[in-house]
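Trainee: I would like a close look at a single part of this model, the interface between the two chains. Please set it in the context of the rest of the structure afterwards.

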Amino acid sequence: MAQVSLKNIRKVYPNGYEAVVPTSFNIADGEFVVLVGPSGCGKSTLLRMIAGLEDITVGELSIGDRNVNHVDPADRDIAMVFQNYALYPHMTVRKNIGYGLKNRKTAASDIEAKVQDAAKMLNLTEFLDRKPSQLSGGQRQRVAMGRAVVRDPALFLFDEPLSNLDAKLRHQMRIEIKALQRRLGVTSIYVTHDQVEAMTMADRIIVLNTGRIEQIGTPTEIYHRPASTFVASFMGAPPMNLLNAESADGRVHLGGDMSVAASTADGPVIWGIRPEDIEIDPTGDIPFTVDIVEELGAHRLLHGQLNGQDLTIHVSKDVVVSAGPIRISINLDAVVLFNPETGLAL
Amino acid sequence: MTDTTSTPIAKRPLKWTHVMDHLILILGALFMLVPLLMVLQTTTTTDLETIKNGPEFVIGDQFDDNFMSAMFQASGFSGENTGLRMLMNSLILGIGFALGKIVIGMMAAYALVYFRLRFATLAFWLIFTTLLLPLEVRILPSYEVAQKLGLLNTYTGLIVPLIASATATFFFRQFFRSVPEELVEAARIDGAGPVKFFIDILVPLSQTMIAAMFIIMFVFGWNQYLWPTMVTTEEGMFTLVRGIKQLTQDLEGTNIPEYGRANMLALIAILPPVLVVIFFQSWFVKGLTESDK
């Protein structure tokens, strides 16, 4: 068990590319933290630096109370699960799981007992004598998990472990990983580009963009109070609606009579609203033209125009709508305002 | 439809191009086979008959006599170079040559691919250009070095100077480069150092590749002629390929050349490479084509 702390960690590749700008954050003992961002945002680099697979250019990294900047990956007391599982193809599941222990000179009987325990936990007992090539994707993923669990490390690192699985299996493994982490209480860092994984699994999310942290917060905070337009549009599917609005006399106006109070200088402002915070209201004061109705089973998405700006509305499956003009109302408490130049929340 | 044996085979119209194709193939096969059959025929007759009548279509009864003399009768002065002895020397050369090349090639490729050497690419191309400098080109300096090191007439001298291999290094380098990076990283986190990773992970993964290399290199080593002729002067060190020559040399004077025995030795010399290729064929194809990682 351990807390992790990063102090001004920076990564510059030999070719001069700065993959991670100086970054600091702390992860508490037993916390499940998800690093999320689009590809090339530096999330994997960050994780690999924590694992010790990548040199840290500048900064201080500590796991537990120990500075591990120059500690070999094997001695950092970590375990990592890779995107393509990275199982040893010529070893049986048993040997794959036990290999790390064997290298640490654990007694053979201990290894066997621990491998059995891990296999039982992950429902792998009947597959122990198979080779990875004889397993399905989900089973391989479990073996990779087993290899991490068996060592009883202080820190789990996950590098997009579910992106090679199909949607159904991904959903199932998401729950399994989360449950396992809860049970073992091991501090975990999980890298993904899938915002659904981030939202569902994380205790805390760190949103990264072009090598810098955009926001750190709980899933609820990130979702409802995005710190920037990047976070607003990256997290959530469909993304938050971002509309151009005008601020005047301490109020922000979105065409018509819609306005919220805001202490901002006069001028253009970006008005952010989640699709589910808008509802159809025949008595509402905003006219909206529905262009396309997207049928999603449990709910519908209405894509259309509000004063010439694109807008998406989320309605429940009970609300029947067809294309054409309707009237809507917006939950003004849920509005988030952004500075159009910096993209940061006001 | 219980009787499946009488299912009529669809007759294809006879095409002249097919006939030509087969004719060419048959001619090619005969071209390769006839000399072998001649060798086989000669081993069954007495030397006298061979020298009198040349190759015949008759199969004689001297096969076992020729076999015994080829395997167990020594020629030369020392009486050390029996067929059996030469067979052993050839096997030692073939296996030592193949294993040596594989070990050196693998280790060189491992260093080139996995370690941050400053001039790895340059080193690789330097190794690669040695393909342009085969032993035959540098035979004199090689001989001098071997002689100065006192390696003449030793197995070490026979094998070691031939071992450095650009081909094996190249094949293993390509193979190692296709091994996923994550495997190295997983092994690092699992606490496997460079040596352990090599032995526990890379070598088992390279199995089929090693088998394929072994076949090529064994046949290559077995057929070495020039170098063994240079470094072995003691008859006890002769290899088969070199020893056969020794037998047919006695043409002058009243001696009848030992055709039966020499051809029998030739036959014995052909067998091991053929057997290796036949038995390891599937590995060979697998090693060079499959990428099961």
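Mentor: What follows describes the contact between the chains, then the domains of one chain and a few local features.

The model is predicted, and the values below are computed from its coordinates. At the interface, 26 residues of chain A meet 17 residues of chain B. Together the two chains bury about 1,800 Å², with carbon and sulfur atoms accounting for 56% of that area. On the chain B side, the most area is lost to chain A by R188(B), I189(B) and D190(B), which together make up 38% of what that side buries.

One of those three residues also takes part in a charged pair. D190(B) makes a salt bridge with R151(A), and the closest N and O atoms of the pair are 3.3 Å apart. Two salt bridges are found across the interface of chain B and chain A, and twelve residue pairs are in polar contact between these chains, counting pairs with both residues at pLDDT 80 or more. In terms of secondary structure, α9 (181-189) and α10 (194-205) of chain B each contribute at least two residues to the side that touches chain A. The largest share, seven residues, belongs to α9(B). Sorted by class, the chain B side holds nine nonpolar residues, seven charged residues and one polar residue.

How far can the chain B side be trusted? The mean pLDDT of chain B is 85, and 91% of its residues reach 70 or more. Among the elements of this chain, α10(B) has the highest mean pLDDT, 93, whereas helix α13 (residues 240-248) of chain B has the lowest, 77. Where pLDDT is low, predicted coordinates should not be read in detail.

Chain A has an internal interface to set beside this one. Its two domains are domain 1 (4-233) and domain 2 (238-338), and their centres, taken over C-alpha atoms, are 38 Å apart. Ten residues of domain 1 of chain A contact ten residues of domain 2 of chain A. The area buried between these domains is about 810 Å², 55% of it from carbon and sulfur atoms. The count of salt bridges between domain 1 and domain 2 of chain A is zero, while four residue pairs are in polar contact there, with both residues at pLDDT 80 or more. On the domain 1 side, the elements giving two or more residues are α7 (219-224) and α8 (229-234) of chain A. That side consists of five nonpolar, four polar and one charged residue.

Two backbone features of chain A deserve a note. Most peptide bonds are trans, and most residues other than glycine have a negative phi. The bond joining A237(A) and P238(A) is cis, with omega about -5 degrees; P238(A) lies in the loop between α8 and β11 (241-248) of chain A. E160(A), which is not a glycine, has a positive phi of about 40 degrees, and this residue sits in the loop between β7 (155-159) and α5 (167-184) of chain A.

Finally, the whole structure contains 13 salt bridges over all chains. One of them pairs R204(A) with E31(A), the closest N and O atoms being 2.5 Å apart. This pair links distant parts of the chain, 173 residues apart: R204(A) is in strand β9 (residues 204-209) of chain A, and E31(A) is in the loop between β2 (18-27) and β3 (32-36) of chain A.

Definitions and conventions
Residues are numbered from 1 along each chain as its sequence is written. Chains are lettered from A and ligands numbered from 1 in the order in which they are written. This is a predicted model: local features need pLDDT of at least 70, side-chain atom pairs count only at pLDDT 80 or more; totals for chains, interfaces and linings use all residues. Side-chain values use heavy atoms; hydrogens and water are left out. Contact means heavy atoms within 4.5 Å. Buried area is the accessible area (1.4 Å probe) that two parts lose on being put together, summed over both. A salt bridge is a side-chain nitrogen of Lys or Arg within 4 Å of a carboxyl oxygen of Asp or Glu. A polar contact is a pair of N or O atoms within 3.5 Å; within protein, one must be able to donate a hydrogen and the other to accept it, and residues adjacent in sequence count only if both atoms are side-chain atoms. Helices (H or I, at least four residues) and strands (E, at least two) are DSSP runs, numbered from the N terminus. Ala, Val, Leu, Ile, Met, Phe, Trp, Tyr, Cys and Pro count as nonpolar, Asp, Glu, Lys and Arg as charged, and the others, Gly among them, as polar. Domain bounds come from an automatic or database domain assignment. pLDDT is the predictor's confidence in each residue, from 0 to 100.
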